[in-house]
Each structure stands twice: as structure tokens, then as C-alpha cells.
Amino acid sequence: MDEEPNVAELQAVTWTGDALRLIDQTVLPARLEHLEVRDVDVLVDAIRRLVVRGAPALGVTGAYGVAVAMLQAEREGWDRAALEAAVDRIRTARPTAVNLAGGVDRVRPLIGDGLAAVTAEAGRVLREDVAANRAMGAHGADWIARRVSRRPLRVLTHCNTGSLATAGWGTALGVIRELHARGLLEMVYADETRPLLQGSRLTAWELAHDGIPHRVLADGAAASTILRGLVDVAVIGADRIAANGDTANKIGSVGVALACADAGIPFVVAAPWSTIDPGTATGEDIPIELRDGREVLAWEGARTAPAGSEGFNPAFDVTPARLISALVTETGVLEPARGRVPVPGGA
Ligand SMILES: CSC[C@@H](O)[C@@H](O)C(=O)COP(=O)(O)O
């Protein structure tokens, strides 16, 4: 494992010139390892296993994934139809995060212009995401500082939305980093995020490296922690935001939103415009990934549920716009609960 990585500057996804280099998020926090991908089957498998995950990081992966497919096509003599089919497999490897398809679609029209054109555009997807995260951090911290009077702040978050989930810095975790940098933060409550523990494995790892005070709690403890008055604001990310502001994010997010509404504290979503999908009218239209039930029945291969039990493993839920106090984007803050949604006239 690398010595003391600068986690805020970590890049989950990089292009080496002939391969896609991914931080293998399945083995964190025990080990910081990388996977170099030169093969579409390997890439699709890595996306499905969550070697790389988080909506914006998947967007960058999708964009560079086209380059991976082009190089493999050249090596193995594929025709254009085989290349397009391979690109489609990358695009649909996971269904909920709209950024994956968005990243692929952004570079796909450039295939005919050659590899350099594709990787240049993918590089722009990456750099734009870092810039968007920095802007979201500032907008989100401004909004929270205006709306919440208690100092210092206690913030709850769910899943991982940091450098690992993006091209760098983070969406919701970027807002938290900015609050910390401004000296406004007392404590982060990081939901562990069952069943794959992105909160305890990845968010806590990022927070620990940044020296940000945090506590990891079971997902089932979030509502009571909020209702007991231990949290001032919740900030989460998003995988897809419908035109009416309904927001899909990691399973467990809507429970946090309901608890915030009952406690009268703000529930904030931080996401770039690349996560907003005007083609999806409402939350009901967002495809929710149903993962293998074994992920909730076992841990590290050891069965935790009785042999006869069946698993049910939706990876995301949808928080209705009416429960979202603020939607922080790189261009500013919308307030869906007050009817201010991403696309004017959205359903
Ligand atoms: C900035 S990341 C936003 C979301 O993608 C994140 O909160 C999330 O739900 C990730 O889910 P995952 O299944 O780990 O890809």
C-alpha cells in the first residue's frame, strides 16, 4: 500500500496512454491497488464488481472505455459493428448512474476521428468533473452556512461521494471537505452503507486521511441519530436525477431524507449537471439496479443468513423531490422541495 496517499487528490480513474488504470475499490481500505484494463470484458466485469463506482467516476470510465474498446478492436481485428457492440456493453454495464451512458455517448461520435480525439474528449470529461466538484463544494458550503445556524456543524452522509466516486475531490464529500476547510465542521456521521460498505470502507478512509472527525454508524442508526438532534444537515450524492428533481442514490438514502424531513433539518443532494437526466421525467422512470441477492446474505464469502433465505438487493432508491431541500450543482443551488427543479416545466 502507498504511504499516506493524498486522498483528496486521488484519481480513481486515469488513462495511461494505452490502458485505463482504476483504483480497485473492492479491496479498500485494506490495500490501495490498481487494475490496468485493456480489455472490454475485464472493464465490464470491473464496473459490475464495483472496482470502479460512483456516478461521475463511471462517467469518466465510460468515456475512456471507448478508447479501451478501440485499442482492442485494432489488436483483434474487429469490424465497426463489433466495436459498437463492445461500446454498448460498457454503456449498459450498470443501469442507474446516467453518467456511465453519458460518458460513453460524449466520446462515441469521435470514434471515426481516431484514438487521440477520443482520449482528448475523455480527458475533458475528467477535468470538467474535477472543476464541477470544486464549484459544488463552494456552492454547497455557502448554502449550508446560510441555512443552518448551529456551529460547528454535524453532517450525515451516505455511501461514498469523494475522490473515489468522482474524477477527484467529490460531490457531497466535496461539500463536506469545503465545510471542514472553512472550519465549520464538528463531526461527520458516515452511514456504513450496506451491503457493500462504501461508507465505512471508502468514505471513512477518505475522511481519516483528510483528518476530518467522523463516526461510522450502521445504516439502521441514521434515523434515530437524526431524530435525537445529533445531526444538523444531511448531504448525499446522486446516481440519476429526473427532470422533476426526484433523485436516485444508494439504497438507504430515502430513509435519511424522511428522517430529515421529520426532524426539520435540510436534506441536501450534491451532483453535477451530468447526473441530471432531462430524458427521465420522474423517479418512477429511473431504472434501479437489482444486484445479486447473495451480497446481502453473506460477507466475504461466509454466509450470514440461513441457507434457505432468499436475498433482495436493490442497489438504489429514489428520494422524491419534495424531500430535497437543496440540489447543489456546479452552477448553483436549486431547491426542489420548493418547486425549483432542474428542468423548468419538468413533470
Ligand atoms: C458522487 S457519487 C454519487 C453516487 O454515485 C453514490 O452516492 C452512489 O450511490 C454510488 O453507488 P455505487 O453502487 O457505489 O456505485
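This is a short talk on the strands, the nonpolar core, one buried helix and the ligand shell of the structure above.

Okay, hi everyone. One thing up front: what you're looking at is a predicted model.

Let's start with some strands. Find strand β8, residues 240-242, and strand β9, residues 247-250; the two pair antiparallel over two bridges. If you want a spot to zoom in on, I241 has T247 in β9 as its bridge partner. Together β8 and β9 make a hairpin, with four residues between them. In that turn, have a look at G245, whose phi is positive, about 95°.

Now, β9 has another partner. Strand β14, residues 316-319, runs antiparallel to β9, and four bridges join them. Here the pair to look at is A248 with its bridge partner V318 in β14.

Next up, the core. The largest nonpolar core has 104 residues, and the ones touching the most other members are A234, V235, V268 and V328. Which helix gives the most to this core? That's α2, residues 55-76, with 11 residues. And the core takes in both domains: at least three residues come from domain 1 (7-128), and at least three from domain 2 (136-338).

Let me pick out V235 for a second. Leaving aside residues up to four places away in sequence, V235 touches G140, V155, T157, A172, V175, I176, V268 and A270. Keep A172, V175 and I176 in mind from that list, as they take us to helix α6.

So, α6 covers residues 172-181. Why do we call this helix largely enclosed by the rest of the structure? Because nine of its 10 residues are buried. The buried ones include the three we just met, A172, V175 and I176, and also R177, E178 and H180. Just past the end of α6 you'll find G183, which has a positive phi of about 75°.

Last stop, the ligand. There are 18 residues around the ligand, and R53, A55, A165, G237 and K250 come nearest. What's the mix by class in this shell? Eight nonpolar, seven polar and three charged residues. Two elements we've already visited turn up again: α2 and β9 each supply at least two residues of the shell. And, as with the core, domain 1 and domain 2 each put in at least three residues around the ligand.

So if you take one picture away, take α2: it gives the most residues to the largest nonpolar core, and it also supplies part of the shell around the ligand. That's it from me, thanks!

Methods: Residues are numbered from 1 along each chain as its sequence is written. This is a predicted model: local features need pLDDT of at least 70, side-chain atom pairs count only at pLDDT 80 or more; totals for chains, interfaces and linings use all residues. Two strands pair if DSSP finds at least two bridges between them. A nonpolar core is a set of buried Ala, Val, Leu, Ile, Met, Phe, Trp, Tyr and Cys residues joined through C-beta atoms within 7 Å. A residue is buried if 20 or more other C-beta atoms lie within 10 Å of its own, exposed if 12 or fewer, and partly exposed in between; C-beta atoms are placed from the backbone. Domain bounds come from an automatic or database domain assignment. Two residues are in contact if their C-beta atoms, placed from the backbone, lie within 7 Å. A residue is near a molecule or strand if its C-beta atom, placed from the backbone, lies within 6 Å of it. Ala, Val, Leu, Ile, Met, Phe, Trp, Tyr, Cys and Pro count as nonpolar, Asp, Glu, Lys and Arg as charged, and the others, Gly among them, as polar.
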